[in-house]
Amino acid sequence: MNKMRRNIFAVVILLLIVSITIFSFSFLNSCSNFLKSDLIPVKEAESIEVVNNGTTVSTLTNETEIKDVLTDINQCNRKNAVVMSFEDTGISMIVQADKEYKIAVVGQNEDEVSLLLDDNLIETSIKQDLLEPE
């Protein structure tokens with residue numbers, strides 16, 4: 001009886017360790033990872049301008065929308081993109097904050113937009129309609 005309890009306890013501990021490991025990996029690679037350092041300071045952001053081939057197609061000035069977009073950029077999964085190459089989509093985002101940040105849009109579909117900022121490829125959950133004209 002004691003041996004069976006010990007075996008059950010060992011299995012429960014093992015399952016707990018596996019669950020914590022899986023949760024940790026999914027959290028670290030999600031867009032909810034508040035532990036990452038900010039690439040763009042959210043508090044100082046004044047506007048986000050979406051530019052398509054040199055023409056401004058939309059401008060975000062609403063504080064809540066700006067905060068949501070920048071939080072997504074700052075917390076989503078990043079990959080080092082120094083040795084990667086991307087096709088020029090002609091679309092970029094310009095964030096006015098403590099300085100001007102130019103973010104290249106390198107991929108997009110309905111549910112996510114991939115961005116390039118300071119040699120970081122950022123796979124965000126920003127919706128494609130943000131990049132479309134107002």
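Which residue in E2 is the bridge partner of Ile48? To find out, open the model, which is a predicted one, and begin with strand E1, selecting residues 47-52, then add strand E2, residues 55-60. These two strands pair in the antiparallel sense over 5 bridges, and within that pairing the partner of Ile48 is Leu60.

Move next to the turn of this hairpin, where 2 residues lie between E1 and E2 and where Asn53 takes a positive phi near 50°.

Now keep E1 displayed and select strand E4, residues 91-96, which runs antiparallel to E1 and is joined to it by 6 bridges. At Ser47 you will find Gln96 of E4 standing opposite.

Stay in E4 and pick Ser92, which belongs to that strand. Is Ser92 buried or exposed? Its relative accessibility is 9%, so Ser92 counts as buried, the cut-off for that class being under 20%. If you display its surroundings, leaving aside residues up to four places away in sequence, Ser92 touches Glu49, Val50 and Val51, and also Lys102, Ile103, Ala104 and Val105.

From that list, select Lys102, which is found in strand E5, residues 100-108. Lys102 counts as exposed because its relative accessibility is 58%, and the class begins over 50%. With the same sequence neighbours set aside, Lys102 touches Ser92, Met93 and Ile94, together with Leu116 and Leu117.

As a last stop, draw a C-alpha to C-alpha distance from Lys102 to Glu49: the two are 53 residues apart in sequence and 9.6 Å apart in space.

Note on methods:
Residues are numbered from 1 along each chain as its sequence is written. This is a predicted model: local features need pLDDT of at least 70, side-chain atom pairs count only at pLDDT 80 or more; totals for chains, interfaces and linings use all residues. Side-chain values use heavy atoms; hydrogens and water are left out. Two strands pair if DSSP finds at least two bridges between them. Helices (H or I, at least four residues) and strands (E, at least two) are DSSP runs, numbered from the N terminus. Buried means under 20% relative accessible area, exposed over 50%, partly exposed in between (1.4 Å probe, protein chains only). Contact means heavy atoms within 4.5 Å.
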